[in-house]
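Got the viewer open? Let's take a short walk through this one, from the whole chain down to a pair of helices.

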Amino acid sequence: MSVRKQLRTAACGLALTGVLVVTAQGPAAATPAVSGPAGVSPVAAAEDAAARALARSLADTAWRAEAGRAVARGGETGLAALADGARSRAAAPLAAEAAAADRSVLAAKGLGAGTGGLLTVSLTGDVDSRRAPLVAVAPSDDEAGAITAYDTAGRRHTLSATEAPKVPVYVVGVDGEKAVEAGMAVLERELAAAGVSTAAAPAPAAAAGTAATGYWTSRITSVRLADDKETWIKGDAEIFSIVSGFGLDGKVRVDTVTHPYLNDAGTTYYPNQILVNWSQYKYNLADTVMMEDDGDTNYSSLAKAIAAALLTIADLGAYVPLVDPVVDAIPASFWTDDADFVDAWYTLARETTGTRDGAGGNGRFTFDRYWVSAL
């Protein structure tokens, strides 16, 4: 299905979503993914397993008090680090289960052990309540009206997705910023290995010569994404852009840009962030696809799919828009749960200034031309 059809039929459902969910790390290749019910992703299954393990561990009142103080003091805290640093012996089983879940999620996301721990836990709800806490995982479906949580006996409870709970709730989730940063490195490295020009590949001599004096860029002076209906359990969004065009060597080129500041829909940000370095491109045109890491994003699979699509496109002496091939290459699973695809911008030029709405009407960039001088 082409991006145009996707944008017409799904843009409203692809609004930006912030996700605070459990993820993990460790030797990605060494640990099989945690299995779960049919239709549940390996990431969601691992998150659920970690949440249940945390809930069971909190039956010990001494550990419950220690964990509560640590999380309240540190905000979003690494789950494995929390368990590993615990004084209470009651946290020992949790440490082992959190490490296993981390490894499983890293494998599912195509990230290596060097990424470090991704599983996080935060505390919300009535944190001053003396009632025993619950442990929840954010649902993958943004339209879900209910959220599953576990008590210290491992029993399931259903919470409203729209009203903050009256009891303390630990939320197990992903360090999305770290996941995106590591994912961009994987994406560019694997694209380069497949033959697509990226920042991970050596720059052609012409680009190096241009950079010696400076280069023109397209700079984002402001950006805004359409409103979404976030639930109390959702955290910040983790947004990145895939910029594509033809490199100086005539091969398709891909550059990735992360937007760690772009946390909430309905808010205008003023980052003054460079989106396109024109010294790396042969033609005065480039395309941008903006995406979100919703927790299930497998960067290795995404890189392979994009490379397979782009390597079939040859430079015939005129610019060819690359949004459609990039979006068509996105695995089908990226369209099933949260808003992996945010919006797309066709044919940005070095002279592009002012406000440009995305093709799906969900995103809005304001650009200026910016000259980066050599030192």
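Accessible areas here come from the Shrake-Rupley method with a 1.4 Å probe. Turn on the surface first: the chain exposes about 15,800 Å², and carbon and sulfur atoms supply 52% of that. Keep in mind that you're looking at a predicted model.

Now switch to cartoon. You'll find nine helices and 15 strands. Of the 375 residues in the chain, 53% count as buried. Among contacts between residues at least 6 apart in sequence, 77% join residues at least 24 apart.

**Stop one: a six-stranded sheet.** Show β1 to β6. They make an open sheet with mixed pairing, in the order β1-β2-β6-β3-β4-β5. Color 77-78 (β1) and 156-160 (β5): these are the edge strands, and each has a single partner, so one side of each is left without a neighbour in the sheet.

Next, select 119-124 and 169-174. That gives you β2 and β6, which run antiparallel and are joined by six bridges. Zoom in on Leu-119 and you'll see Val-174 of β6 opposite.

**Stop two: a helix pair.** Select 42-57 for α2 and 92-109 for α5; their axes come within 9 Å and cross at roughly 170 degrees. Angles over 145 count as roughly antiparallel, so α2 is roughly antiparallel to α5.

Show side chains where the two helices meet. On the α2 side, look for residues including Pro-42, Val-43, Ala-46, Ala-50 and Leu-54. Across from them, α5 brings Leu-94, Glu-97, Ala-101 and Val-105, among others. What mix of residue types makes up the contact of α2 with α5? Color by type and you get ten nonpolar, two polar and three charged.

Methods:
Residues are numbered from 1 along each chain as its sequence is written. This is a predicted model: local features need pLDDT of at least 70, side-chain atom pairs count only at pLDDT 80 or more; totals for chains, interfaces and linings use all residues. Side-chain values use heavy atoms; hydrogens and water are left out. Two strands pair if DSSP finds at least two bridges between them. Helices (H or I, at least four residues) and strands (E, at least two) are DSSP runs, numbered from the N terminus. Axes are lines fitted to C-alpha atoms, for helices over the stretch in contact, and angles run from 0 to 180 degrees between N-to-C directions. Angles under 35 degrees count as roughly parallel, over 145 as roughly antiparallel, 65 to 115 as roughly perpendicular and the rest as oblique. Contact means heavy atoms within 4.5 Å. Ala, Val, Leu, Ile, Met, Phe, Trp, Tyr, Cys and Pro count as nonpolar, Asp, Glu, Lys and Arg as charged, and the others, Gly among them, as polar. Buried means under 20% relative accessible area, exposed over 50%, partly exposed in between (1.4 Å probe, protein chains only).
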